[in-house]
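Me: I'd like a close look at one part of this model, the place where the two chains come together. Could you walk me through the helices there and what sits around them?

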Amino acid sequence: MTSTTVTAAEAHAHGEGHGHGDHPPFLQHHFTDPAQQFDAAKLGLWVFLLTEVLFFSALFVLYTSYRALHPEVFAYASNFLDTNLGATNTAVLLVSSFTVAWGVRNAQLGQRKLLMINLVITLLCAGTFMGIKYVEYSHKYHEGLLWGGNHHSIFKADAEEIPESVKEHSKAWSTGIPEAGVPAAKALSPSMRRKVGTFFATYFLLTGLHGIHVLIGMILLTWLLIRAGLGHFSPEYYTPVDLGALYWHLVDLVWIFLFPLLYLIR
Amino acid sequence: MSHDSHTHDGPHVVPLKTLVAVLIALLLLTGLTVVTGKMDLGGFDLAVALVIATVKATIVCLIFMHLFWDRRFNGLIFLFSVMLVGLFLAFVSLDAGEYQPSVEEYEIQELAE
């Protein structure tokens, strides 16, 4: 017992004795060398990403089990989502993932200006993504495409536009084929309406949680941009850029699955 | 195919060409999934969409996230998270299937009222 305490105390004293002279300024005292510090930080981030995957998985599992039980609800509700906006957002996020990966390369090579430009482009992409998301959300709000009991979608003025799958599910309950201008939700049976409400609850939870992650990513990217501007990063030390980029890629990964699962249901 | 990732002579720098190629591949795959999503694939729609999404995700993980050159342990952690999601999904699906008859019974009652 005593000997271990002494050894620990000695080691501590030894560590203190090193002083700051022969250490790079970014190296923390509990790490032997920059490589070890980098590996530890990266390992920590991957463990964090594991918790993120599981965090999102709760909603993905809800989605999957609900869709397995009620495929008709998903086919119906997906008609109200705009595939073009979803695809555009996918492309925007992919480009941002590319620029941030390029940014990591810039940091590794000490290209400060290019790193800053790439971070700005990534930020602009993130802003575009949120802008398109805003357009989608406000459209859904005005059309009554909301969650649970708040769902009260209305057919468009042109009755020709009512998709087959909608007619199919409305006919079963109401007297005939739904008319334009008639609330679509009213043509649905109570249980169908409830299930469609659940689909939109899942939609808003999944895209909302993802959107929050995009916003957090934007804060991180801004912080990285400021630090890059202050000249904090070098080929020897760019850990924050690397880890920030990994986080941003995860945000992209989640969307890669969200897009086909929500927008591309026939 | 560099497998000397366990040495400490500094981290791997991905060539710009590779990054551009990955971006183009990802955009093409997105176009492909939009096209196949609009086609009638006879019940395989979801499977095709998921396969394309998984391919895209794998490319992002291996190249953009450096897992191809990174320490294997980091990749193992990520793989582990995917396996845990599979386990999660399996148990929830079993449970949801188990309770479905009583849910349907309730809905039939509701319709009768």
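Reply: Here is a walk through the contact between the chains, starting with the chains as a whole and then going helix by helix.

Keep in mind that this is a predicted model. Chain A has eight helices and zero strands, so its pattern along the sequence reads α-α-α-α-α-α-α-α. Of its 266 residues, 35% count as buried. If you take the contacts in chain A with a separation of 6 or more, 71% of them come from residues 24 or more positions apart.

Now for the meeting of the chains. On one side there are 40 residues of chain A, and they are in contact with 37 residues of chain B. Which elements of chain A give two or more residues to that side? They are α2 (34–69), α4 (83–109), α7 (190–229) and α8 of chain A. The largest share comes from α2(A), with 16 residues. In character, the chain A side divides into 26 nonpolar, nine polar and five charged residues.

Let's zoom in on α8(A), which covers residues 239–263 of chain A. Its 25 residues should span 36 Å at 1.5 Å a residue, and the end C-alpha atoms are indeed 36 Å apart, so the two values agree. This helix is mostly covered, with 21 of its 25 residues buried.

Its partner across the chains is α2(B). The two helices pack at an angle of about 170°, and their axes are 9 Å apart. That angle is over 145°, so α8(A) counts as roughly antiparallel to α2(B). From α8(A), the residues that take part are H249(A), D252(A), L253(A), I256(A), F257(A) and P260(A). They meet A49(B), A53(B), K56(B), A57(B), V60(B) and F64(B) in α2(B). Sorted by type, this contact has nine nonpolar residues, one polar and two charged. As a reminder for reading such lists, an α-helix has 3.6 residues a turn, so residues three or four places apart point the same way.

Next, turn to what α2(B) does within chain B. Helix α2 (residues 45–64) of chain B also packs with helix α1 (residues 16–38) of chain B, at an angle of about 170° and with the axes 10 Å apart. That makes α1(B) roughly antiparallel to α2(B) as well. The α1(B) side consists of T18(B), V22(B), A25(B), L26(B), L29(B), L32(B), T33(B), T36(B) and G37(B). Facing them in α2(B) are V48(B), A49(B), I52(B), V55(B), K56(B), I59(B), I63(B) and F64(B). The residues of this contact divide into 12 nonpolar, four polar and one charged. Put the two lists side by side and you'll find A49(B), K56(B) and F64(B) in the contact with α8(A) and also in the contact with α1(B).

One residue of α1(B) to pick out is A25(B). Is A25(B) buried, exposed or partly exposed? It counts as partly exposed, because it has 15 C-beta neighbours inside 10 Å, and the cut-off for buried is 20 or more. Its C-alpha atom is separated by 23 Å from that of L79(B), a residue 54 positions away along the chain.

That brings us to the rest of chain B. The domain assignment splits this chain into domain 1 (1–70) and domain 2 (71–113). Their C-alpha centres lie 27 Å apart. Four residues of domain 1 are in contact with four residues of domain 2 of chain B. On the domain 1 side, those residues are two nonpolar, one polar and one charged.

Further along chain B comes helix α3 (residues 72–112), where you'll find V92(B). With 17 C-beta neighbours inside 10 Å, V92(B) counts as partly exposed. Leaving aside neighbours within four places in sequence, V92(B) is in contact with V61(A) and S65(A).

Last, a look at α5(A) in chain A. Helix α5 (residues 112–143) of chain A has 32 residues and reaches 47 Å from its first C-alpha to its last, close to the 46 Å expected. Its buried residues include L115(A), N118(A), L119(A), T122(A), C125(A), A126(A) and F129(A). The buried residues of α5(A) pack against α4 and α7 of chain A, two of the elements that also give residues to the side touching chain B. Just after α5(A), G144(A) takes a positive phi of about 75°.

How values were computed: Residues numbered from 1 in each chain as written. Chains lettered and ligands numbered in written order. Predicted model: local features only at pLDDT ≥ 70, side-chain atom pairs only at ≥ 80, totals over all residues. Axes fitted to C-alpha atoms, helices over the stretch in contact; angles between N-to-C directions. Helix = DSSP H or I, 4+ residues; strand = E, 2+ residues; numbered from the N terminus. Parallel < 35°, antiparallel > 145°, perpendicular 65-115°, else oblique. Contact = placed C-beta atoms within 7 Å. Nonpolar A, V, L, I, M, F, W, Y, C, P; charged D, E, K, R; others polar. Expected span 1.5 Å × (residues − 1). Buried ≥ 20, exposed ≤ 12 C-beta atoms within 10 Å, placed from the backbone. Domains from an automatic or database assignment.
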